[in-house]
Amino acid sequence: MPQENRTPRRRSRRRGRTASFTALYIVVLLCLPVILSAVIWIGANDVLALNKPEHSATIVLTEDYFTIRTKTDQDGNVTTTYNAKMGKVASLLKKNDLIEFKALFRLFSTATDGEKKLRPGAYHLNTEMDYRSLIAGMGAHSDSRVVVEVTIPEGYTVAQTFQLLEDNGVASAEVLTEYAASYNYGFSFLQDIPLGDATRLEGFLFPDTYEFYVNHDPKYVINKMLQNFDANYTDEMRDFVASSKYSLREYLTVASLIERETDGTDRGKIASVIFNRLENPNASAGTNGYLQVDATLVYITGHAPTAADKEIDSPYNTYKYPGLPPTPIANPGLKSLKATLDPDNTGYFFYALGDDGHHRFFTDYNSMRNWMNTQALYQ
């Protein structure tokens, strides 16, 4: 009897379990559409930026967020392609509470080729932007890009200009220097200047106030300044230079000397001194073609000139080498360039700075020395 009673009990348990599993299965089947609908709805809210609390953030995409490939053709033209690392981008957006689902954002980006549309930069984004708008908002031509205003002072060198741009978050000085040295910008005034050194652009980076994007493409940063020079270099100036014995680069070299020497009121007179010395190397004034401009020593050393600096063996040392230095020593402004092309007509060969901060001009060395003896600056 006991053995006969065990079998029915097992069957009863089995039937109980089967009934429970069947009920659970039915519940799951009934709930699954609801769960899927909820998941889809939550995901759709994220993709379409629906029902999100108001929030904004500044997103900075450095070059670390991209796989960057550059290709240089035989003419020196550089082509750069960017492919964003969307996993890192999604993590950044999630960290800044702009999206909820990183995997969903990556999937959407893959389906829309989003990784090819992003560029390095800083962008103002907010939770009203759906996935498509977020991707477009981090693109090269986005209205969401953060803009910074930078004033390039007259007389800044290429190195000083690039450092100022780096300090303002526009682009790194190192990369700007690389582009200045190696990129073949398509301006006629640069075509005879060989690639290879960033100083090839000395004199051509026009001083002005600019608006740049934060993390701007360095190629276009430089191009913007060159375009400004091209716009200010008028047809009248071009015709004058074309008919002159001096090249544009030589005129810019003179203008850069003026820019670094002027007190702001005497550009035309300084220009006359420089050209008088260039044109009359054997004049009785005794200059022998040496320009003797202290600003060239500063360009070499980076500090206020000393007597010892005059012995430095450098083609930029206008105390040791006659004539113009090999390149401009700074980027002159328009006033200095105009003074170079139209200098005052004087007999001056010398000038010296007075205690009042202004220059005095002289036809001979002895007159200058006698006056300097009256100034505390030279005692």
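**Figure 1. Overview of the chain, with its 13 helices and eight strands.** The model shown is predicted. The chain has 379 residues, and 42% of them count as buried. Contacts between residues at least 6 apart in sequence were considered, and 59% of these join residues at least 24 apart. The accessible surface of the chain is about 20,600 Å². Carbon and sulfur atoms account for 51% of that surface.

**Figure 2. Close-up of the crossing of helices α6 and α7.** Two packed helices are described by the angle between their axes and the distance between the axes. Helix α6 covers residues 173-182, and helix α7 covers residues 218-232. Their axes come within 9 Å and cross at roughly 65 degrees. The crossing is right-handed. On the α6 side, the residues in contact are V175, L176, Y179 and A180. They meet P218, K219, V221 and I222 of α7. Seven residues of this contact are nonpolar, one is charged and none is polar.

**Figure 3. Close-up of N228 in helix α7.** The relative accessibility of N228 is 16%. Buried means under 20%, so N228 counts as buried. Leaving aside residues up to four places away in sequence, N228 touches F206, D208 and Y210.

**Figure 4. Close-up of helix α10, residues 267-279.** Helix α10 has 13 residues. From its first C-alpha to its last it reaches 18 Å, close to the 18 Å expected at 1.5 Å a residue. Because 10 of its 13 residues are buried, α10 is largely enclosed by the rest of the structure. The buried residues are R267, G268, I270, A271, S272, V273, I274, F275, N276 and R277. Two helices and two strands pack against these buried residues: α9 (248-261) and α12 (334-341), together with β7 (350-353) and β8 (359-362).

**Figure 5. Close-up of helix α12 and the helices that its buried residues pack against.** Helix α12 spans residues 334-341. Its buried residues are S336, L337, A339, T340 and L341. These residues pack against α8 (235-242), α9 and α10. The contact with α10 also appears in the view of that helix, where the buried residues of α10 pack against α12. Helix α9 is likewise found in both views: the buried residues of α10 pack against α9, and so do the buried residues of α12.

How values were computed:
Residues numbered from 1 in each chain as written. Predicted model: local features only at pLDDT ≥ 70, side-chain atom pairs only at ≥ 80, totals over all residues. Heavy atoms only, no water. Helix = DSSP H or I, 4+ residues; strand = E, 2+ residues; numbered from the N terminus. Buried < 20%, exposed > 50% of the residue type's maximum accessible area, 1.4 Å probe, protein only. Contact = heavy atoms within 4.5 Å. Areas by Shrake-Rupley, 256 points an atom, 1.4 Å probe, with all protein chains shown as cover. Axes fitted to C-alpha atoms, helices over the stretch in contact; angles between N-to-C directions. Left-handed = near helix turned anticlockwise from the far one by under 90°. Nonpolar A, V, L, I, M, F, W, Y, C, P; charged D, E, K, R; others polar. Expected span 1.5 Å × (residues − 1).
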